[in-house]
Amino acid sequence: MTWLAETTMLSQGWRRFLILLLAGLVAGLSVPPFFLLPALFVAMPIWIWALDGAERGKGHKRLFGPAFSIGFAFGLGYFLVSFHWLGAAFFVDGGWFVAAMPFAILALSALIALFWGLASAFAHMSWSHGGTRIFTLAGWLAAAEFARGHVLTGFPFDLLGYSLTAIEELMQTSSLVGVYGLSFIAPLIAATPALIWPADDRNWSRRLSPFVGAIFVVASMLGYGWNRLNTTPVTQRTDMHMRLVQPLVYEHSDFGNVDPVALIDRLTMLSEMRMDPIDQGLADITHLVWPESSLPFYLEAYPEALTRIARLLPPQASLITGAPRRPYALDAADASGKPYNSVIVVDTEGEIVSSYDKSHLVPFGEYLPFDELLAKIGVQQFVPGSDGWAAGDAKRRLMTLPGGINALVLICYEILFSGDLGETANAGFLLNVTNDAWFDASYGPSQHAHHARIRAVEEGMSLIRVANTGLTYATDPLGRITAQLAPGEMGALDVRPYERLDSTLFAQLRHWPFLLAVLGSILAGFVAHARIRRQRLI
């Protein structure tokens, strides 16, 4: 390890870039779905050692110099591993999209790696050669993760903190500090091996003590999680009995080829199916749920759909389903007239009694940034629907379902935004409808499904997740999956949500503890750096 530390510190140019790129690739194995946490402990010290040996630039090179390239290379490797599955969407339409896939994934990874490059550059401005430097880098890196989750609507896939959520016991710490808090803890503890090597005149006990402290942190997280899982009472609701349908609807990719009659036949069959001799079908169901894109056509084009849904539902039930919605004549939410990606609620009379329009759209998936400019060079969105989708009102995510039950409805991508889900205080449970069919046969659906579970733990609320092709599941407020359908399985799942817990610490304080920890680490770095400069002047 001393050899690796010294080699990294002395490397320059393309050799250093390659070393950091490889380290980033290794670090990418620490997050879902791989969860190889030791990989982060191998990779993070390399970043520290590289900054130890980095030259200090002047002028613009102080920001966009060696330290920036170190963080950028590490981030590029990390995001190539984390985001490679996005390439599966390019095979949906085929053609030139497939040829463009590697370039698009590389461009996206490079774009997001800019955040880590800047974090590395800012950390190096206050670099010291003691233990404080791992706090400095962890603070700036956590700040970069927070930024990429918020800037330009945010893209918080595979935040570093998810590396500390592989098992249910570890997940529970997110109820205290959220995934951004974990994104500060993860690089901090993983960087501690950098304080062991290279060997110097410190004795072994002093060199090993930070690493031992890191192990103690992980052990404490496990202990806290075990205690929370075994001492927190959870109670199922008695006023709801939900049937979740996983229909494997692939017609979403082309609205023009949809056969509404055949599609409603399939959804009706799955909704009414009896899975065992004592199953009563829909007789005792209060809420039937179909996923995002399960009705890939406009209901006004096939009004018989509402009539058939009314005949399907028993007197006490209602249907919650994903469906596109055209704006009403007086709907001023989007002057362009673009449709909404929506969730609607249909009662036994066949009337739409409530709706929510997705407000947090996926860049390049559901809307095209700078659309007029990019359209001229042939760049299109990957998800069909006129010329893109309009964004709805985020305040309407809280829906009152028939029966007076409040659900916080989140469509697909919206479940990723830790601490920014909407009006959680008055919600009884989280309802996430999604369509990950674009990424079938990739790691994407499982990664997305895992991220969603962490929202349940953070908020202390049961999560009902209904996916088109998988993973459909239900959790309790501690994030434990209580029932699920396998990916690619066509079927239905009967579940009852759980009563929400008292507010978690994260639900009360949100990101404030995380932001204070980041600020404290950054300030500690500047103090240590200033102390070193004073000593050199003496």
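Mentor: Let's start with terms: two strands pair if DSSP finds at least two bridges between them, while helices (H or I, at least four residues) and strands (E, at least two) are DSSP runs numbered from the N terminus. This is a predicted model, in which local features need pLDDT of at least 70, side-chain atom pairs count only at pLDDT 80 or more, and totals for chains, interfaces and linings use all residues. Residues are numbered from 1 along each chain as its sequence is written, and side-chain values use heavy atoms, leaving out hydrogens and water.

Trainee: In what order do the six strands of the open sheet come?

Mentor: The pairing in this sheet is mixed. Its edge strands, each pairing on one side only, are β5 (352-357) and β12 (491-495). Reading across from one edge, the order is β5-β4-β3-β2-β1-β12.

Trainee: Which residue is the bridge partner of L288 in β3?

Mentor: Look at β2 (residues 287-289) and β3 (residues 318-325), which pair in the parallel sense over three bridges. In β3, L288 has as its bridge partner L319.

Trainee: At what angle does helix α11 run to β1?

Mentor: Helix α11 (residues 260-272) lies across β1 (242-246), β2 and β12, where contact means heavy atoms within 4.5 Å. Axes are lines fitted to C-alpha atoms, for helices over the stretch in contact, and angles run from 0 to 180 degrees between N-to-C directions. On that scale, the angle between α11 and β1 is about 135 degrees.

Trainee: Is L248 buried or exposed?

Mentor: L248 sits in the loop between β1 and α11, and has a positive phi of about 55 degrees although it is not a glycine. Most residues other than glycine have a negative phi. Buried means under 20% relative accessible area, exposed over 50%, and partly exposed in between (1.4 Å probe, protein chains only). Because its relative accessibility is 15%, L248 counts as buried.

Trainee: What is omega for the cis peptide bond that joins P32 and P33?

Mentor: P33 is placed in the loop between α2 and α3 (37-52). Another cis bond joins G470 and L471, with omega at about 5 degrees. For P32 and P33, omega is about 0 degrees.

Trainee: How many residues apart are R133 and D52?

Mentor: Their side chains meet in a salt bridge (2.9 Å, N to O), defined as a side-chain nitrogen of Lys or Arg within 4 Å of a carboxyl oxygen of Asp or Glu. R133 is in helix α7 (residues 132-148) and D52 in helix α3, so the pair links distant parts of the chain. R133 is buried, with a relative accessible area of 6%, and D52 is buried at 14%. Along the chain, R133 and D52 are apart by 81 residues.

Trainee: What is the relative accessible area of R465?

Mentor: D436 forms a salt bridge with R465, their closest N and O atoms being 3.1 Å apart. D436 lies in the loop between β8 (429-434) and α14 (444-459) and R465 in strand β9, so the pair ties together parts that are 29 residues apart in sequence. D436 is buried at 4%, and R465 is buried with a relative accessible area of 0%.

Trainee: Which helix holds both E458 and R455?

Mentor: The two side chains meet in a salt bridge (2.8 Å, N to O), and both E458 and R455 are buried. Being three residues apart, they are separated by about one helical turn of helix α14.
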